[in-house]
Amino acid sequence: MTGVPASAAGGPARARTVKEPSGKGAASAVGSGAGRDAAAGRGPAAGRESGAVRESVAARESGAGREADAGLESGAGGQGEHESGKSARREKLTAAAVNQASVWNIANLLTMLRLILVPGFVALMLADGGYDPAWRSLAWAAFAIAMITDLFDGHLARTYNLVTDFGKIADPIADKAIMGAALICLSWLGDLPWWVTGVILGRELAVTLIRFLVIRYGVIPASRGGKLKTLAQGIAVGMYVLALTGWLATARFWVMAVAVVLTVVTGLDYVRQAIVLRRQGIAERKAASEEAGA
């Protein structure tokens, strides 16, 4: 009787002993494993290594993200610059097309008419030896038309905004061409001294050269003296083209003398204005560079 209860009592005890490792025993086993790992120095190191790996991966991912963002921004900036360049080119092409279309306006047509009249004037002036009053009258008509168109084309271009690059170049060429052709023909025929032709044409060429030299600093506006000079030259040359006699022939000499004086005086004034304009331009550029440097 005594052994039986003992065995019965020992059964549950053994059962509890067997079940215990799955709970507290497992915990103790894990704890002992952790303790062994800690004793071996692997637990904290492994944790640190795992943290370092995670930080490295995060850093690489962050860097890759920043590079991707930078690439997108760079691509967007490059695309923006490309679009801006295309827009600028389109604007230039449009402006060029408008400018090209505006060449055929009334002011430029008058300028081209004046250019066409130059060879016609020379042919009429030298026809039949150059002394036939009838041919000289026709030559005067061609010269008068050229001078009148010179007055109108500039006025029309400024009033109706018809100024073009072609007009800027062709208008002064046409002016000098008709005036130069008349002066050379008159001197060739012996009606006008060569030194007068030389003074007038030399002044015109010198003023044109000076204009190109100071164009970077600005444009010298036409003065009243210059307009008066052009008018005096036109009247004087026109009177010499006609086959005049008597007091009119004497009067044209004095008109030409006034034209020569005005030519010289306005030429010197043009040189003075060019010098002043150049000095002002140099001073302004120097001041701008000093401000930029400061």
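1. A word on terms before we look around: a residue is called buried when its relative accessible area is under 20%, exposed when that area is over 50%, and partly exposed in between, using a 1.4 Å probe and protein chains only. Lysine 229 is a good case to start with, since at a relative accessible area of 6% this residue is buried. We'll come back to this lysine below.

2. Some ground rules. You're looking at a predicted model, where local features need pLDDT of at least 70 and side-chain atom pairs count only at pLDDT 80 or more, while totals for chains, interfaces and linings use all residues. Residues are numbered from 1 along each chain as its sequence is written, and side-chain values use heavy atoms, with hydrogens and water left out.

3. The overall build is easy to remember: nine helices and zero strands. Here helices (H or I, at least four residues) and strands (E, at least two) are DSSP runs, numbered from the N terminus. Read from that end, the elements go α-α-α-α-α-α-α-α-α. The chain has 294 residues, and 27% of them are buried.

4. Now the charged pairs. A salt bridge means a side-chain nitrogen of Lys or Arg within 4 Å of a carboxyl oxygen of Asp or Glu, and the structure holds nine of them. Take the one between aspartate 191 and arginine 136, at 2.9 Å from N to O. Aspartate 191 sits in the loop between α6 and α7 while arginine 136 belongs to helix α5, so this pair ties together parts 55 residues apart in sequence. Arginine 136 is buried at 4% relative accessibility, whereas aspartate 191 is partly exposed at 26%.

5. Stay with aspartate 191 for a moment. Which residue, 49 residues apart along the chain, has its C-alpha atom 7.3 Å from that of aspartate 191? The residue is tyrosine 240.

6. Back to lysine 229, as promised. The side chain of lysine 229 meets that of glutamate 204 in a salt bridge of 3.0 Å, N to O. The two link distant parts of the chain, 25 residues apart: glutamate 204 is in helix α7, and lysine 229 is in helix α8 (residues 224–241). Are these two partners buried or exposed? Glutamate 204 is buried at 12%, and lysine 229 is buried at 6%.

7. Another bridge stays inside one helix. Aspartate 269 and arginine 272 meet at 3.0 Å, N to O. Why are they separated by about one helical turn? Because they are three residues apart in helix α9 (residues 247–293). Aspartate 269 is partly exposed at 27% relative accessibility, and arginine 272 is partly exposed at 47%. Elsewhere, salt bridges with shared partners join Arg114, Asp150, Asp153, Asp171 and Asp175 into one network.

8. Two loop residues deserve a look for their backbone angles. Most residues other than glycine have a negative phi. Aspartate 128, however, has a positive phi of about 60° without being a glycine. Aspartate 128 lies in the loop between α4 (106–125) and α5 (133–159), and at 58% relative accessibility this aspartate counts as exposed. Asparagine 161 also has a positive phi, near 55°. You'll find asparagine 161 in the loop between α5 and α6 (165–189), exposed with a relative accessible area of 65%.

9. On the surface, Leu126, Ile184, Trp188 and Trp194 make a nonpolar patch of about 480 Å². A patch is built from residues with over 30% relative accessible area and no salt bridge, with like charges joined within 9 Å and nonpolar side chains (Val, Leu, Ile, Met, Phe, Trp, Tyr) within 5 Å; the areas come from the Shrake-Rupley method with a 1.4 Å probe, and for residues only the protein chains shown count as cover. One member, tryptophan 194, is in helix α7 (residues 194–213).

10. Finally, the inside. How many cavities of 30 Å³ or more does the structure hold? There is one. A cavity is a set of points, on a 1 Å grid over the protein atoms alone, where a 1.4 Å probe fits but cannot get out, and lining residues have an atom within 4 Å of a point. The largest cavity has about 30 Å³ of space, and its lining consists of Arg211, Val214, Gly218, Val219, Ile220 and Tyr270. By class, that lining has four nonpolar, one polar and one charged residues, with Gly counted as polar.

Conventions
1 Å grid on protein atoms, 1.4 Å probe; cavity = no way out; pocket = protein on both sides within 12 Å on 5 of 7 lines; lining within 4 Å. Points joined across faces, edges and corners; volume = space filled by probe spheres on them.
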